[in-house]
Structure formats: C-alpha cells, structure tokens
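Q: I'd like a close look at one part of this model, please. Take me through it step by step, in plain words.

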Amino acid sequence: MTLTEKLLARASGKAHTAPGDNVWVNVDILMTHDVCGPGTIGVFKREFGADAKVWAREKVVIIPDHYIFTADSMSNRNVDILRDFVREQGLPYFYDVIDDPSGHWKFDASKGQLKQQYGKNFAGVCHTTLPWKGHTRPGEVLVGTDSHTCMAGAFNQFATGIGNTDAGFVLGTGKILLKVPETMRFYCEGELAPGVMAKDVILHVIGDIGFDGATYRAMQWEGPGVNAMNMDDRMTIANMAIEAGGKNGIFPYDEKTGEYVRERVAENGTKSSFEPVGVDREQSFVFDKTYDLSKLEPTVACHPDPGQRKSAKEMSSVQLDRAYIGSCTGGKTSDFLAFARIVRGKSVKIHTFGVPATTKVVRELKDTMWGNESVWSILENAGVQMTENASCAACLGGPQDTFGRMNEKALKCISATNRNFPGRMGHKESQVFLASPYTVAASALTGHITDPREFLS
Ligand code: SF4
C-alpha cells in the first residue's frame, strides 16, 4: 500500500484499503478557523442539537487567523462566535486574539496595521500554528475547514481540507466518510542549486502536471532529495498539493520529523505518542516520476493559476507594482531569513509587504541578530512594511482594509503565497505571480521579475 492507503486503512480499522474504497475514518484532529468555524458550528448545532457536545474536546483546535486585523464588524463577529462556542464546550485549544474569554474582539484601526493588536494566546495562520503548537503527529488523520490543511502531510499524516457540513458532522461524531485516493509519486534526487528553494520544487511540479493534474489524488514525495529537506521545506511542498487539485500531500517519516514533533508536543503538553507509517516496498502508483532537483531553476507561476510555470529569468520583462511575503506557505521564519539575505543593506523599489505567519515568527525575526541588527530591522531598513499582526492578511484578499490588499485594478504583485486565481489578493483585475521568497525579494529590489541568483554570491 502507499502511505495514504496505509493511513486510511489504519484510521478505518481495516487491514487493507485500495483507491476507490469508501471508508469511515476516525479523525484525530479537527481544525477550524474564523471564516468556516461559524458555519461549522451552525451545522453541528442544527444536526446534533443546541445542547450537543463535541465528540472529543482535546481533538478540536480552533484558530482565528483569516479576517482578523480589520475593522469589518462581520469579520470581528465571527471571532466572537468562535469564542462563545469554545466557552460553551470547554475546548482547551483556542488561539484567541484577545485574552478575555468573555470579551469581544474589535480591531483598533486608529493604532494602524503594523503594531501588535493581540493578546498572549494568539498564534497566527492555522496551518503554521498546528505544528508549532503540537497538533500534528505522524500516522494520524487531521482534517480542517481550509483547503491548505494538506500542509500537515509534511509530518507523515493524512491531512486534507473539508467543507463545513463534513466538519459539523466530525464535530458530532469524530468520523468522516472518505474515498481512498489514487497516489502519484514524486521521487526527488539531487540537491537544490543555490538560489533555488522548496517553493520552486512545488511550482515546477504543478507546472508539469497542471493545476488540476492531481485532482482527488495523493501526492507522495520520496527520494534522497526529499530526505535532505528540512521540515519547513516539506511544509511548503505539502501545502501546495491542493494547487494541483490534490486530496493530500504526504511525506515519509524520518528522524527529522520525529525530532520536530517530539519537541513541539513536549513544549505544548499535547499528546506525545504517535505511530508513523513506513514506505512499503510494493506500492502501486497512478503516476510515478523522478525529478532531479539540481536541474531546477527559480520558478514563477503566472496569473491566473498556479500551473502557469515560467522560469524567473524568462519573465524579467514583467514590471511589478508590489511584492508580498507571508502566508502559511511563505511566511515562516526560514522564508523571511531567505528574503532578508537578498534585501540586506539594499532598498526595495516597489511597495513590499511582510506578514509573518505566526507570532513566533515575529519573535524569532526580532530576536535573530545578524551583526548588530535584528533581521526584523534589516527588513524594515530595506523598506519592507513589516506587520507584527501575524495572520492570513492579503493572501486571500479579505476586507477592504486588510494589510497589503490589492485594492486597485491592474496591479501586479509577486508573492511568496500559494494561490493566484483572479482576485485572490484583492481586486479582480489585479495579477499575482507566485514565487519563492528569494525570487520575491530580488524582484522587490528591481521592480521587475528577477532571478535571485543575480543577488546571491
Ligand atoms: S495564509 Fe493564505 S493560504 Fe494560508 S490559510 Fe491563510 S488564506 Fe489560506
């Protein structure tokens, strides 16, 4: 069996599953956020009753992260609905934006977008928060009301996005009916060349198979090239399985995974036991291709979908209006460090926005010193508008006052985020070019799409 087939067999109490089987799966973790949480709660109450209790309090994780730092009252109200539900159900894992469990969230626009407006429990973007707070474990099933839930596949678990109706049912029963997907294998050999990042790998592969090339399929990553990657890189790749239509992305377990997970579950006091699934010698794939990572180049996915692959070099005539680094995919500490390596001591030429994925990333960038300067200051001194308010921000547009949102038509943005369908980051006539943090940084310096190797000695 493939990794996904083994995971779903175990979670459904069967010895064996094959693609196309429909199985009732026991869920280990259900995650929801401020956009889909209120709808999920509504379905749960409608189907199970106003006084119903969730199936397992310690398996529900609620993370406000999408439309948070906005004066939009409907968005603010969504966060209050989550808080009320958490209080009513006594849920232990809620990363609230305010400290008062009976309070109401209101963004103070007069303080501006850059300075911290959250309490001590707030965490940031859900997919980056889940591993940080010890909710991702090898061998488990994690579902979430967000398409990029597949990011947790980096940890050798089955992770996928589900709708509010399914999530409401999971809240009540802990179960979900899933069709076992076929598996595509991406076998990676060789080492990435300088200036090429994990983001380039996934953009290259999506360009290869198309933005619907993995529809309802598992994307399984294997090979020495994958084993050499750190967990952040694996997360970047697993995150974008959905950009090829994938049901999930999945990585083999190794000691790096174990160490990462053990550290975080210990730090957070979450469940510490886990049982990874190993790679079988006999596996059957619907697609199997070997990639030599050393041959990859800095890559860009052009408007209007993530499958529109070009090399950064051949896009150098595209003039840009802005650059953006952030999101679950591209707002990790390692992403900002790569970005800072390029812009250090220089000045960006176009409006450039930096949105850390989590509050931990904010702290790490402020605490990491390069010489006498923190990385945070290096970024600010290069002209990057850095906000302390970790969240999804303009990755998905959001309300009009969202930090970094493209409100005017015909703007062109190069972005370290993961999705570039029309209107994704604001105005429906704006354009988003997806790239690695290196390429976004180099392009911010020149004002046009730029191969970052020009700036790396
Ligand atoms: S950062 Fe972007 S892709 Fe990630 S969860 Fe938020 S909106 Fe979705």
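How far apart do the C-alpha centres of domain 1 and domain 2 lie?

A: Keep in mind that this is a predicted model. The C-alpha centres of domain 1 and domain 2 lie 23 Å apart. The two domains do touch: 42 residues from domain 1 and 38 residues from domain 2 take part in the contact. Let's stay on the domain 1 side of that contact. Three helices there, H4 (126-132), H6 (198-209) and H8 (231-239), each supply at least two residues to the side that touches domain 2. H6 gives the most, with six residues. If you sort this side of domain 1 by class, you get 18 nonpolar, 17 polar and seven charged residues.

As for where the domains sit along the chain, the domain assignment puts domain 1 at 1-296 and domain 2 at 299-455.

Now for a pair of helices that pack together. Helix H2 (residues 37-48) packs with helix H5 (residues 164-173) at an angle of about 55 degrees, and their axes are 8 Å apart. An angle between 35 and 65 degrees falls in the oblique range, so H2 and H5 are oblique to each other. The crossing of H2 past H5 is right-handed.

Which residues meet there? On the H2 side you'll find Gly39, Thr40, Val43, Phe44, Glu47 and Phe48. Their partners in H5 are Asn164, Thr165, Ala167, Gly168, Phe169, Leu171 and Gly172. Sorted by class, this helix contact has six nonpolar, six polar and one charged residues.

Terms used
Residues are numbered from 1 along each chain as its sequence is written. This is a predicted model: local features need pLDDT of at least 70, side-chain atom pairs count only at pLDDT 80 or more; totals for chains, interfaces and linings use all residues. Domain bounds come from an automatic or database domain assignment. Two residues are in contact if their C-beta atoms, placed from the backbone, lie within 7 Å. Helices (H or I, at least four residues) and strands (E, at least two) are DSSP runs, numbered from the N terminus. Ala, Val, Leu, Ile, Met, Phe, Trp, Tyr, Cys and Pro count as nonpolar, Asp, Glu, Lys and Arg as charged, and the others, Gly among them, as polar. Axes are lines fitted to C-alpha atoms, for helices over the stretch in contact, and angles run from 0 to 180 degrees between N-to-C directions. Angles under 35 degrees count as roughly parallel, over 145 as roughly antiparallel, 65 to 115 as roughly perpendicular and the rest as oblique. A crossing is left-handed if the near helix is turned anticlockwise from the far one by less than a right angle, and right-handed if clockwise.
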